[in-house]
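Work through the exercises below with the sequence and the model in view. Each task is followed by a solution in steps.

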Amino acid sequence: MSIRVGFSSDPEEIPGLAHFLEHMLFLGTQKYPKEAEYSDWLAARGGNSNAYTDFEETNYFFSVAQDALEGTLDRFSQFFIAPLFTPNATDREMHAVGSEHAKNLQSDNWRMNQLDRNQSNPLHPFHKFGTGNVTTLSTTPASLGLNVRDQLLQFHETYYSANIMKLVILGRESLDELSSWVEMYFSQVRNHNASIPTFNGTHPLLPEHLQEQLFVVPIKDDFKLNLVFPLGKSMWPYYRSKPVDVVSYVLGHEGKGSLAAYLKQEGWITTLDAGIYSQGTDYSFMGVVMVLTEQGTGKVDEIMSSFLQFVELMKNSSLEEYYVELKKTRDLNFKFHEKVEPFDVVSDLSTALQIFPPKDVMTGSRLVWEWNETLIAEVLFKLKVENMRMVLVSKNFSANANLNEPIYGTEFFKLKINETQIETWNRVNDASSLALPQLNPYLPTDFNLKNSTFNLTTPVQLVNVPSGKVWHQLDTSFERPTANWPVKLKIA
């Protein structure tokens with residue numbers, strides 16, 4: 001079950017309320033008041049469950065033995081009809097949320113995520129702290145005279161409305177039987193005609209947040225360079241052409257002549273990844289994340305110059321051939337996609353129902369249908385210093401770190417990117433080997449399975465030399481045109 005509300009709708013006075021509510025729904029309903037009823041039922045029938053609270057969505061999902069599906073749906077549906085939110089459970093689960101937050105305190109991913117939010121527009125809900133802790137869910141509300149249980153009931157009453165819910169059920173039963181169970185168990189979910197929250201035209205990153213450098217002290221001894229570019233609008237409506245995916249495919253390419261290949265050859269980075277960094281109904285950020293070598297930490301100007309030079313190369317070239325290659329690759333991956341756990345299928349599809357029209361729910365996040373040169377040009381136009389937040393991560397910054405993010409205590413300092421830096425970065429450096437990467441000549445077009453005269457039950461040794469051995473076994477049991485290449489290396 002996906003509900004189109006998340007921590008973006010938390011009251012300012014109670015950060016983490018949506019996440020806290022997610023926890024509370026597992027702890028008893030009017031029809032099944034025993035706190036452990038749902039978890040005990042699943043455990044006795046080979047099942048499990050989970051949930052998550054995101055910026056604009058809360059998602060609940062489970063898996064269970066086939067013969068227990070109907071009984072589980074009965075119990076699951078009551079989450080959205082009549083949860084109890086008992087005072088005892090409320091107090092206890094508040095500390096469970098606090099414990100969940102505590103285990104994240106030493107995670108650089110969580111710390112960086114909250115630092116991004118802390119250093120954003122306070123008038124946009126992107127700035128909020130979504131997990132919650134005992135301070136935000138108990139101490140602060142109490143000081144303001146707020147009853148958190150009452151706030152939970154109000155939040156559930158306001159947003160847990162049938163018109164912004166999407167339900168996916170996967171089972172071996174017929175569609176008619178599955179549909180009848182939905183009507184039987186979920187028809188009592190009330191429809192309050194809730195509105196999907198909107199954010200009044202504000203944006204998470206304003207001009208004062210751009211052309212800026214954050215210098216961050218991590219927990220782990222990492223060296224990273226993160227570049228964040230707000231794109232001005234959500235990319236969800238453009239899922240058929242996926243302009244960010246096309247740009248990222250070229251920008252993150254590792255083939256000969258690519259930006260990543262050049263920076264690795266120079267010894268400055270170990271990895272480069274590009275893509276959607278964060279996205280919501282009214283915004284999206286494109287991100288470029290590079291893991292730097294120790295040598296690379298002293299070559300940031302050269303790395304930035306190479307990056308901007310490569311972006312200019314992309315702007316002045318047609319990327320249509322790369323779109324075609326990306327489309328073919330996505331088509332192949334979808335056609336021969338490995339089987340996914342039902343647990344993940346239902347969660348992913350319920351989220352997809354919130355974003356894509358029904359005909360594209362299975363494919364909307366995976367396939368590319370249309371070449372849109374205009375949108376690609378718009379994305380490339382945004383990849384400039386004036387529209388960028390740079391985040392450098394290294395323990396070397398600890399001596400100058402004079403700021404602390406209040407939730408996780410992340411130490412950092414920040415500086416504006418000055419005109420001298422921009423001039424240095426825009427100066428073409430000696431990166432003459434930079435070029436658009438070569439297209440992949442090995443994309444297959446023939447998917448007929450090979451025949452073999454070998455015994456299919458035993459691997460055949462193809463190479464046996466002092467420097468190594470190669471074995472092969474043809475297996476067409478699953479009729480998939482794929483190959484596995486496990487390699488074991490011994491270093492004397």
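**Exercise 1.** Find what β7 and β8 form, and how many residues lie between them.

Solution. Step 1: β7 and β8 make a hairpin, with four residues between them; strands are DSSP runs of E, at least two residues long, and helices are runs of H or I of at least four, numbered from the N terminus. Step 2: the two strands run antiparallel and are joined by nine bridges; strands count as paired if DSSP finds at least two bridges between them. Step 3: across this pair, D273 stands opposite V289 in β8.

This is a predicted model, in which local features need pLDDT of at least 70, side-chain atom pairs count only at pLDDT 80 or more, and totals for chains, interfaces and linings use all residues. Residues are numbered from 1 along each chain as its sequence is written, and side-chain values use heavy atoms, leaving out hydrogens and water.

**Exercise 2.** Follow β8 to its other partner, and decide why β8 is largely enclosed.

Solution. Step 1: β8 is also joined to β6, antiparallel, by seven bridges. Step 2: F229 has M286 of β8 as its bridge partner. Step 3: β8 is largely enclosed by the rest of the structure because seven of its nine residues are buried, that is, under 20% relative accessible area with a 1.4 Å probe, protein chains only.

**Exercise 3.** Place these strands in the whole sheet, and name the strands at its edges.

Solution. Step 1: the order is β7-β8-β6-β9-β5-β11-β10, an open sheet of seven strands with mixed pairing. Step 2: β7 (269-279) and β10 (403-404) stand at the edges; each has a single partner strand, so one side of each lacks a neighbour in the sheet.

Conventions:
Buried means under 20% relative accessible area, exposed over 50%, partly exposed in between (1.4 Å probe, protein chains only).
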